[in-house]
Structure formats: C-alpha cells, structure tokens
Amino acid sequence: MENPDERGVDLTRCCYADLRGGTYRLAVLPWGATEPHNLHLPYLTDCLLAQSLAVDAAARLWRERGVRAVVLPPVTLGSQNPGQWDKPFCLHTRYETQRAVLGDIVASLRRQGLSRLIVLNGHGGNSYRNMVRDLAFEYPDFLIAVSDSFGIVPQRDFFEERDDHAGEMETSLMMHYHPELVDIERAGDGRSEPFAVESLNDRTAWVPRDWNRVSEDTGIGNPLKSSPEKGARYAEAVVDRLVRLFADLAAPDGIYGERRPETDRF
C-alpha cells in the first residue's frame with residue numbers, strides 16, 4: 001500500500017493535482033548508476049536506495065515540520081571503473097554527460113522559482129564537486145548541496161562487516177525497502193583482492209580499480225550476514241540525518257545566516 005505521506009513528495013507517484021498550489025522549499029535528486037551488484041541485487045540498487053531514503057526523509061519533513069520537499073526521479077547514469085563497464089549492460093557516463101544532466105535539471109528548477117537542490121548520491125563512483133562549482137558561477141542564486149547516502153552514518157555500529165559494493169549494508173537496506181528484489185540465495189561471497197601496491201591500499205594515492213581483477217561476482221563485501229532488521233535500523237539513522245539536512249537547507253535563513261527571499265513556490 002502506498003504511504004499517504006508520499007503524495008506530493010515522490011514525483012514518480014505524483015499527479016499535477018498533488019503539486020499545484022503547494023509551496024516547495026527544495027528538491028532532492030537521487031543519483032545512482034546502472035551496474036551489477038553481486039549476483040543477488042538489481043542493477044539499479046544505488047538508485048533505488050537513494051530514492052527510498054530521500055522519500056522517507058521528505059515525507060517525515062512534511063509530516064513533522066510542515067516543510068515540503070519533492071524527490072525527483074532518480075538519475076541512473078553513473079561513472080564506472082574499468083572492468084565494470086565490461087559487464088553486460090553496465091552503463092558508464094562521462095563527466096560531461098553528468099554535468100549536462102545536472103545543469104539542465106538546475107535550469108528547469110530555477111525557471112520554476114526553486115532555488116535549492118540536494119543531490120543524494122548512492123553510487124561511490126560519482127563525484128559532483130566540480131560540477132557544483134561550475135554551476136555556482138552560472139547560477140549564483142541557486143544552492144546545490146551534495147550528500148552521499150552511504151557515508152552519512154558510519155557502518156560500524158550497524159553491520160558486522162564493512163560494505164564497499166553489494167555487501168551487508170546495501171543488501172540489508174534492499175531487504176528493508178525492496179525485499180522482492182533481493183535473491184540472497186544467489187549471492188556470491190563478495191570476496192575482493194587488494195592492490196599489490198601498499199601505497200594504494202593505504203590511500204597514499206588513488207587509481208580506479210579494475211573490477212575484473214578485484215572481484216569474481218562484482219561484489220566487494222560479504223552480503224551473507226544481511227537482514228531486513230539491520231537495514232531498517234540503518235535506514236532510520238540515515239533518514240534522521242537527512243531530515244535535519246533538508247530542514248536546515250529549507251530554512252529561510254541561508255547557510256551563512258542571510259534571510260533568503262520567499263520565492264520557492266509552484
């Protein structure tokens with residue numbers, strides 16, 4: 001059954017009648033990727049999780065604080081490592097493509113009178129800082145904030161093993177939000193190989209990992225200790241932080257304390 005709090009919040013479910021005449025303070029853009037997630041999770045896992053967390057947070061923001069935010073449909077265009085884009089139907093999109101997509105979304109929202117956007121990123125390969133800096137020059141009156149959904153709350157207090165890709169955290173979250181899409185019996189163990197160069201393992205420097213050399217099942221992290229209960233507890237902690245973020249950025253006083261004009265209306 002559809003959560004009634006999602007009406008007017010989740011744009012994938014909204015009608016124009018749900019939105020017309022409402023006052024919206026910000027938009028949230030879930031952004032993920034199209035890529036394999038071990039053998040048991042769907043290709044759009046990053047998109048689905050970012051969207052689910054965003055919708056939960058936006059619904060609570062409206063219910064508890066009376067502030068409206070809309071969650072846009074997720075962007076499925078992610079940046080991939082070598083070896084990932086060799087896998088069937090894994091899609092790699094370049095910086096220029098992602099920059100163009102984000103720029104067009106910002107231009108559309110700004111034209112409609114909105115001035116605040118949160119990109120909720122669910123894919124570790126994506127990076128938006130240079131894009132946001134570029135757009136800040138083009139739209140100095142438009143605020144863009146970026147949050148990595150997987151990095152808001154530390155994993156250690158919720159999971160037994162650290163998840164890098166399709167492991168215990170992501171599998172538990174999918175069991176909580178979309179159990180019908182998880183086939184845990186098909187899961188690989190997510191075992192991965194480190195670099196042979198210690199300076200890369202200790203992050204003295206960074207290079208993209210070749211997924212064909214790193215993982216047999218495309219996962220990095222053990223999914224076999226996952227549970228929907230772990231996912232629910234972690235989701236609650238992340239959503240708590242997102243509600244606070246959304247409320248802070250929706251407030252009339254800006255991030256530096258200046259009062260923003262009341263222009264965010266549809």
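**Helix contacts and a parallel sheet**

Trainee: Which residues of α5 and α8 meet?

Mentor: In this predicted model, E168, M169, S172, L173, M175, H176 and Y177 of α5 meet P228, K230, G231, A232, Y234, A235 and V239 of α8. By class, this contact of α5 with α8 has nine nonpolar, three polar and two charged residues.

Trainee: What makes α5 roughly perpendicular to α8?

Mentor: The axes of helix α5 (residues 168-177) and α8 cross at roughly 95 degrees and come within 7 Å. Angles of 65 to 115 degrees count as roughly perpendicular, and α5 is therefore given that description relative to α8.

Trainee: Why is α2 called oblique to α8?

Mentor: Helix α2 (residues 45-65) and helix α8 (residues 228-250) have axes that cross at roughly 60 degrees and come within 8 Å. An angle of that value is not under 35, not over 145 and not within 65 to 115 degrees, so it belongs to the rest, called oblique. That makes α2 oblique to α8. The crossing of these two helices, α2 and α8, is right-handed.

Trainee: What meets in the contact of α2 with α8?

Mentor: From α2 come L53, A54, D56, A57, A58, R60, L61 and R65, and they meet A235, V238, V239, D240, L242, V243, R244, F246 and A247 in α8. The residues of this contact of α2 with α8 comprise 12 nonpolar, no polar and five charged.

Trainee: How do you know that R60 and D240 form a salt bridge?

Mentor: The closest N and O atoms of R60 and D240 are 2.6 Å apart. The limit for a salt bridge is within 4 Å, so the pair R60 and D240 qualifies. Because R60 lies in helix α2 and D240 in helix α8, the pair ties together parts that are 180 residues apart in sequence. The search of the whole structure finds 14 salt bridges.

Trainee: What makes α3 oblique to α4?

Mentor: α3 and helix α4 (residues 129-138) pack at an angle of about 40 degrees, with axes 10 Å apart. Roughly parallel requires an angle under 35 degrees, and roughly perpendicular begins at 65. The value of about 40 degrees falls between these limits, so α3 is oblique to α4. Y95, Q98, R99, L102, G103 and V106 of α3 make the contact with N130, M131, D134, L135 and E138 of α4. Five of the residues in this contact of α3 with α4 are nonpolar, three polar and three charged.

Trainee: How is α3 placed relative to β1?

Mentor: Helix α3 (residues 95-111) lies across β1, β3 (116-121) and β4, and runs at about 160 degrees to β1. Angles over 145 degrees count as roughly antiparallel, so α3 is roughly antiparallel to β1.

Trainee: How do you know that β1 and β2 pair?

Mentor: Strand β1 (residues 26-31) and β2 share three bridges in the parallel sense. Pairing needs at least two bridges, so β1 and β2 satisfy the requirement. As one example, A69 in β2 is the bridge partner of L26.

Trainee: Why are β2 and β4 called edge strands?

Mentor: The open sheet has four strands in the order β2-β1-β3-β4, with parallel pairing. The strands β2 (69-71) and β4 (143-148) each pair on one side only, and they are the edge strands.

Definitions and conventions
Residues numbered from 1 in each chain as written. Predicted model: local features only at pLDDT ≥ 70, side-chain atom pairs only at ≥ 80, totals over all residues. Heavy atoms only, no water. Contact = heavy atoms within 4.5 Å. Axes fitted to C-alpha atoms, helices over the stretch in contact; angles between N-to-C directions. Left-handed = near helix turned anticlockwise from the far one by under 90°. Nonpolar A, V, L, I, M, F, W, Y, C, P; charged D, E, K, R; others polar. Salt bridge = Lys/Arg side-chain N within 4 Å of Asp/Glu carboxyl O.
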